[in-house]
Amino acid sequence: MCLSLALTGQAAADRIRNPTAVFAGLDKITGRIISFEVAVDETVQFGALQLTPRVCWTRPPTEAPQTTSFTEVDEVTFNNEYRRIFTGWMYAASPGLHGVEHAIYDVWLTDCKGGTELVVDPKEPEPPVVEEPRRTRPAPARDVNQQPGLPPPGQRIDVLPPQGVPVAPRQEPRQRFFPTNPGRDPSGSN
C-alpha cells in the first residue's frame, strides 16, 4: 500500500483565475507602504517601477491557500530608459523571497481578487524521480596566500554594469503612484 502511494505522487490542485492582482509597495526613503491593485495585462507605475501582472492565481477555499502572479517589472531611469529588472512568479505567502527589491522601492504580491473561473488541471500521476549519482569535480589549485573571491594579483577588477535588460515600454501606465509625493503625479495625468 505504501508503495502505491509513493508511485502516484502528488496531484496538482485546481486554480482560480483572477482579473486583479493586489500589490504592496515600500518607499525606502519615506518608509511609506502603499497597497495598489493592478488588472491583469495592465501596467501601473510605482515610483520608478512599472508592474505588469500577466496572470494571478488563487486556490479554491477547500484547498491550501496559495496566491501567485506572473509579473514583469521594469525600472524607468532618469533618462527615460526602461530596464527589465524582474520577470517571474511572485508568491504572496513568501514576499521576502519572491518580491522585487530595488534600491529605493520594494514591491510584493499580497493578494489576487475578483476571480470566479475555476481552472481544473488534469490529475495525472507524476513519474517517479530517479536520482543520478553526483560526480565530484576536482578543486582547482589556488594560492593559499590569496584572499578567496578576488582575482590573482595583477588582474583587473571590473565593476558590474547596471542590472536589468533594456526593454521598450509596451504600454503607458494606467495609474502612477509616487509615495514620496502622495497624490501628485509629475506627468500631470493624476
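Select residues 1-11 to begin: pLDDT (the predictor's confidence in each residue, from 0 to 100) stays under 50 there, and the model has 5 contacts (heavy atoms within 4.5 Å) beyond four places in sequence for this segment. Where pLDDT is low, the predicted coordinates should not be read in detail. Colouring the whole chain by pLDDT shows a mean of 77, with 68% of residues at 70 or more.

This is a predicted model, in which local features need pLDDT of at least 70 and side-chain atom pairs count only at pLDDT 80 or more, while totals for chains, interfaces and linings use all residues. Residues are numbered from 1 along each chain as its sequence is written, and side-chain values use heavy atoms, without hydrogens and water.

Next, display strands β6 (residues 68-76) and β7 (residues 82-91), which pair in the antiparallel sense over 9 bridges; strands are DSSP E runs of at least two residues, numbered from the N terminus, and pairing requires at least two DSSP bridges. D74 has R84 in β7 as its bridge partner. In the turn of this hairpin, which has 5 residues between the strands, select N80, with a positive phi of about 60 degrees.

Then show F36 and F46, a stacked aromatic pair with 5.5 Å centre to centre and 20 degrees between the planes (ring centres within 6.5 Å; stacked under 30 degrees, edge-to-face over 60, the rest tilted). Both residues are buried (under 20% relative accessible area, exposed over 50%, partly exposed in between; 1.4 Å probe, protein chains only).

Finally, F23, F36, F46, Y105 and F177 may be selected together as one aromatic cluster.

Notes:
Helices (H or I, at least four residues) and strands (E, at least two) are DSSP runs, numbered from the N terminus. Rings of Phe, Tyr and Trp (its six-membered ring) pair if their centres lie within 6.5 Å; planes under 30 degrees apart count as stacked, over 60 as edge-to-face and the rest as tilted.
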